[in-house]
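Welcome, and please open your viewer with the cartoon and side chains ready to toggle. We will go from stop to stop, selecting a few residues each time.

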Amino acid sequence: MRILVTGGAGYIGATAVDILLTQGFDVTVLDDCSTGHADSVPSQARFIEGSLLDAHTVREALTGASAVLHFAGKSLVGESVVKPDLYHEVNVHGTRILLEEMRTAAIQRIVFSSSAATYGEPVTTPILESAATSPTNPYGETKLAVDNILTQEGQLHGLGAISLRYFNVAGAHKSQRGWLPERHDTETHLIPNVLRSTPDKPVKIFGTDWSTVDGTCIRDYVHVVDLIDAHISALQKIQLGSHEVINLGSGRGYSVREVLSAASSALGHQIPAQDSSRRSGDPAVLLADIKKASTYLGWTPTRDLLAMVTDTAASFQLS
Ligand SMILES: NC(=O)c1ccc[n+]([C@@H]2O[C@H](COP(=O)([O-])OP(=O)(O)OC[C@H]3O[C@@H](n4cnc5c(N)ncnc54)[C@H](O)[C@@H]3O)[C@@H](O)[C@H]2O)c1
């Protein structure tokens, strides 16, 4: 069975490619390498370097595929505020092109990388999939728009789709070729930034006066390898004509100070950090309710914060 992995040269997509190949799937990668890296794609995968926005290239990439894991897209919240049109063009229009070409090629199964950003500021935590969606930035809006398009495609054209709403993805996968690290030119994720913190450029803690155990924000982290296991289960559970939305997190929250402490243990020294004021738009707590992932996908995460930090550090060759 051949799977098209869009965004397969990126952090999460490259991990998926490697695990799929190990499990005996054939893989095609479509990636324009705008934020991904061609050298992350193993030689066993068929690699089409090109954009989702080019229908001809998408058609070529879909050849022989039975299903699609759709990771490709723009994913920086801050950039999306400055360049909303780019985010709508790539994330929404690009997905429309992909879906049109899938329909033409009679490929009816897709798993989409959605995001907790679709929910916006939560009214209650943990967040259930049935919670109101109210994104607070263009990135979240584009993810929600695609979720809605997938529902429509199921109803109108019989597509089978699962949107996996990731919370914070972390950790790294060790492939036979070595670690597949998170390699974002602009790194906004806490764990990589904590691990790279130095006395000269200490990582900032945005807000130390939240009403949480230690005053810092609480987030839900999921290991990238657990995340890909959920995708492979999702591929097997897709029902034609239906669209499911499923949260992926660990169902457990960690404060920024807990992340710092885990990273300090992993590196064996105290990580420098600087207390800063709150950032606007940051909720105090973001926590996934992951019961649906368990009942629908038969999935439970197995790797904890220490594993995520330790694997990230090893992938950066810091430990
Ligand atoms: N990392 C997280 O914590 C997180 C959380 C929620 C959702 N997501 C979603 O997961 C997906 C993967 O995230 P990631 O962290 O691996 O990001 P990434 O930037 O490493 O990967 C995205 C990939 O998509 C490719 N791409 C971008 N535009 C493209 C286009 N027009 N045509 C073809 N390829 C294109 C990039 O080159 C890159 O390789 C994204 O859709 C992201 O929004 C990630």
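Which residue forms a salt bridge with Asp39? Select Arg183: this residue pairs with Asp39, and the closest N and O atoms are 2.6 Å apart. The two partners come from distant parts of the chain, 144 residues apart, with Arg183 in the loop between strand S9 (178–180) and helix H6 (190–195) and Asp39 in the loop between S2 and S3. Color by accessibility here: Arg183 is partly exposed, with a relative accessible area of 31%, while Asp39 counts as exposed at 55%. Please keep in mind throughout that this is a predicted model.

**Stop two: the first strands and helix**

Next, select strand S1 (residues 2–6) together with S2; the two run parallel and are joined by 5 bridges. Add H1, and you have a right-handed β-α-β unit made of S1, H1 and S2.

Now show H1 alone, residues 11–22. Its end C-alpha atoms are 17 Å apart, which agrees with the 16 Å that 12 residues should span at 1.5 Å a residue. Is the helix mostly covered or mostly open? It is mostly covered, since 10 of its 12 residues are buried, where buried means under 20% relative accessible area. Among the buried residues are Tyr11, Ile12, Val17, Asp18 and Leu20. Step past the end of the helix to Gly24, which follows H1 and has a positive phi, near 95 degrees.

Move on to strand S2 (residues 26–31), where 5 of the 6 residues are buried. Pick Thr28 in S2, the bridge partner of Leu4. Thr28 also has a bridge partner in S3, namely Arg46. Strand S3 (residues 46–49) pairs with S2 in the parallel sense over 4 bridges.

**Stop three: around helix H3**

Select Val77, Val81 and Val82 and turn on the surface: these residues make a nonpolar patch of about 280 Å². Val81 is found in helix H3 (residues 77–82), and at 54% relative accessibility this valine counts as exposed.

Then look at Ser75, in the loop between strand S4 (67–70) and H3. Ser75 is partly exposed, with a relative accessible area of 43%. Draw a distance from its C-alpha atom to that of Thr142: the separation is 9.9 Å, although the two residues are 67 residues apart along the chain.

**Stop four: more salt bridges**

Side chains of opposite charge can pair when their charged atoms come close. A search of the whole structure finds 12 salt bridges, so there is plenty to click on.

Select Glu153 and Arg103, whose side chains meet in a salt bridge at 3.0 Å, N to O. This pair also links distant parts of the chain: Glu153 sits in helix H5 (residues 138–157) and Arg103 in helix H4 (residues 84–104), 50 residues apart. Glu153 is buried, with a relative accessible area of 11%, whereas Arg103 counts as partly exposed at 39%.

Now go to Glu244 and Lys292, which form a salt bridge at 2.7 Å, N to O. Glu244 lies in strand S12 (residues 243–248) and Lys292 in helix H9 (residues 291–297), so the pair ties together parts that are 48 residues apart in sequence. Lys292 counts as partly exposed, at 22% relative accessibility.

For the last selection, which residues are linked in a network of salt bridges? Show Arg219, Arg279 and Asp282, and you will have that network on screen.

Note on methods: Residues are numbered from 1 along each chain as its sequence is written. This is a predicted model: local features need pLDDT of at least 70, side-chain atom pairs count only at pLDDT 80 or more; totals for chains, interfaces and linings use all residues. Side-chain values use heavy atoms; hydrogens and water are left out. The expected span of a helix is 1.5 Å times one less than its number of residues. Buried means under 20% relative accessible area, exposed over 50%, partly exposed in between (1.4 Å probe, protein chains only). Patches are made of residues with over 30% relative accessible area and no salt bridge: like charges are joined within 9 Å, nonpolar side chains (Val, Leu, Ile, Met, Phe, Trp, Tyr) within 5 Å. Accessible areas come from the Shrake-Rupley method with a 1.4 Å probe; for residues, only the protein chains shown count as cover. A salt bridge is a side-chain nitrogen of Lys or Arg within 4 Å of a carboxyl oxygen of Asp or Glu. Two strands pair if DSSP finds at least two bridges between them. A crossover is right-handed if, with the strands pointing away from the viewer, the path from the first strand over the helix to the second runs clockwise.
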